[in-house]
Amino acid sequence: MRSRASEPSGTVRISTSVPVAQVYLAAYLPQIAQRFPRLHLLVDVSDRYVDLVQEGFDFAIRSHFAPLPDSGLVQRKIMEEPIILVAAPAYLDRHGCLDCPRDLQKHHGLITGPRNGTWALRDTAGGEERVAPLPRMTANESAVLAASAAAGLGVTCLPEMLCRAELESGRLVRVLPGWNCGSVTTTIVMPHRRGLLPGVRAAVEFLAENMRRRQ
C-alpha cells in the first residue's frame, strides 16, 4: 500500500510541437505510460504559441534556434544538436559534390522561407561563410524538406535528429561535414510549482534522460 501511495499518479498535461512529438514523444510516451500506469498523459501537439499558465499545462517541450525569452518559467535545457547540410546521393551524382561552402551557390537549395535563402555556415574552427543556394523549394516543415532532399531535389539544412533515419538508410548523405548551419536547442519549460508534483517530475526526468541518450 505504501508503494502504491508513493507511485506517481494523476494527469500530466504536456504541450509540444509537431516535430518533437514525431521524433521523440511518439517513442517515449508509451514507455512512460507503461512505467507509471497511474499517470494520465494529456498531450497537445501544436506549433502555435501556448501560454502554459493560462492554459493549464504542466510543462512544454520546445525546440528553438535562439535563447528563449525570460518568461518567469523554469527552463531546463535537454540537448543541443547541430543543423547539418544534407542531399541525396543521386542529386550529388547529377550535380557534383561540394568541396567548400561557396559551391552551394551553384546548387539547388531547399529552404525554410524567403528570409532563410542565405545560409550562415560555421566550421569547427570558428570560420564563417554566408552563401545563397539557388532556391528550388521553400517549405516551413522539416519532414517535407527531408523527403524532398531524399527525392533528389537539392541540398537542405536540417537538425541532425530529424534526418537521422534517412542518413542511416543512405537516402541522404551529409554535405560539407566540417560545416553546419547553427544548432537547435530543446528545452523543457514549466511553471515553478508544477515541477514539485510527483507525476510531472517523473515524466520530466524520464524524457530528459532518454532524449539526451539519443544525441
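The following paragraphs lead through the fold of this protein chain, from its overall dimensions to two of its helices and then to individual residues.

The structure is a predicted model. Its protein chain contains seven helices and twelve strands. The C-alpha trace extends over about 65 × 35 × 30 Å along its principal axes. Of the 215 residues in the chain, 43% count as buried. Contacts that link distant parts of the sequence are well represented: among those between residues at least 6 apart in sequence, 80% join residues at least 24 apart.

Helix α2 is a suitable place to begin. It comprises the 18 residues from 18 to 35, and at 1.5 Å a residue these should span 26 Å. The C-alpha atoms at the two ends of α2 are 24 Å apart, which agrees with that expectation. Helix α2 nevertheless contains a kink of about 60°, and this kink is centred on L25.

The residue at the centre of the kink, L25, is also one of the buried residues of α2. The others in that set are V20, A21, V23, Y24, Y28, L29 and I32. The spacing of such residues may be read against a general property of helices. An α-helix has 3.6 residues a turn, so residues three or four places apart point the same way. The cover over the buried residues of α2 includes four strands, namely β1 (10-16), β2 (39-45), β3 (59-64) and β4 (74-87), together with helix α7 (198-213).

Helix α7 merits the same examination. Its 16 residues should span 22 Å at 1.5 Å a residue, and the end C-alpha atoms lie 23 Å apart, which agrees. The buried residues of α7 are G199, V200, A202, A203, V204, F206, L207, A208, N210 and M211. The elements covering them include α2 and the strands β1, β2, β3, β4 and β12 (183-190). Strands β1, β2, β3 and β4 thus appear in the cover of α2 and also in that of α7.

How, then, do the two helices meet? The axes of α2 and α7 are 10 Å apart, and the helices pack at an angle of about 135°. That angle makes α2 oblique to α7, because it is neither over 145 degrees, as roughly antiparallel would require, nor within the 65 to 115 degrees that count as roughly perpendicular. The contact is formed by Y24, L25, Y28, Q31, I32 and R35 on the α2 side and by A203, F206, L207, N210 and M211 on the α7 side. The crossing of α2 past α7 is right-handed.

Several of these contact residues have already been met. On α2, Y24, L25, Y28 and I32 are buried, and on α7, A203, F206, L207, N210 and M211 are buried. R35, by contrast, is exposed: its relative accessible area is 55%, and the threshold for that class is over 50%. R35 belongs to helix α2, and its C-alpha atom is separated by 9.9 Å from that of A202, although the two residues are 167 apart along the chain.

Strand β1, which contributes to the cover of both helices, contains S15. S15 is buried, with a relative accessible area of 4%. Beyond residues up to four places away in sequence, S15 touches D44, V50, L52, F57, F59, A60 and I61.

Attention now turns to the loops. The loop between α4 (89-95) and β5 (108-111) holds P101, and L98 is found in that loop as well. P101 is buried, with a relative accessible area of 5%, and L98 is buried at 11%. Where does P101 lie with respect to Q31? The two residues are 70 apart along the chain, and their C-alpha atoms are separated by 42 Å. Q31 is one of the α2 residues in the contact with α7.

Leaving aside neighbours within four places in sequence, P101 is in contact with L121, E129, V131, L176 and W179. L98, with residues up to four places away likewise not counted, touches L92, D103, L104, H107, V175 and L176. The C-alpha atoms of L98 and L134, 36 residues apart along the chain, are 14 Å apart.

L176 therefore appears among the contacts of P101 and among those of L98. L176 occupies the loop between β10 (173-175) and β11 (179-180). At 7% relative accessibility, L176 counts as buried, because the cut-off is under 20%. Its phi is near 50°, a positive value in a residue other than glycine.

Definitions and conventions
Residues are numbered from 1 along each chain as its sequence is written. This is a predicted model: local features need pLDDT of at least 70, side-chain atom pairs count only at pLDDT 80 or more; totals for chains, interfaces and linings use all residues. Side-chain values use heavy atoms; hydrogens and water are left out. The expected span of a helix is 1.5 Å times one less than its number of residues. The bend at a residue is the angle between axes fitted to the seven residues ending there and the seven starting there. Buried means under 20% relative accessible area, exposed over 50%, partly exposed in between (1.4 Å probe, protein chains only). Contact means heavy atoms within 4.5 Å. Axes are lines fitted to C-alpha atoms, for helices over the stretch in contact, and angles run from 0 to 180 degrees between N-to-C directions. Angles under 35 degrees count as roughly parallel, over 145 as roughly antiparallel, 65 to 115 as roughly perpendicular and the rest as oblique. A crossing is left-handed if the near helix is turned anticlockwise from the far one by less than a right angle, and right-handed if clockwise.
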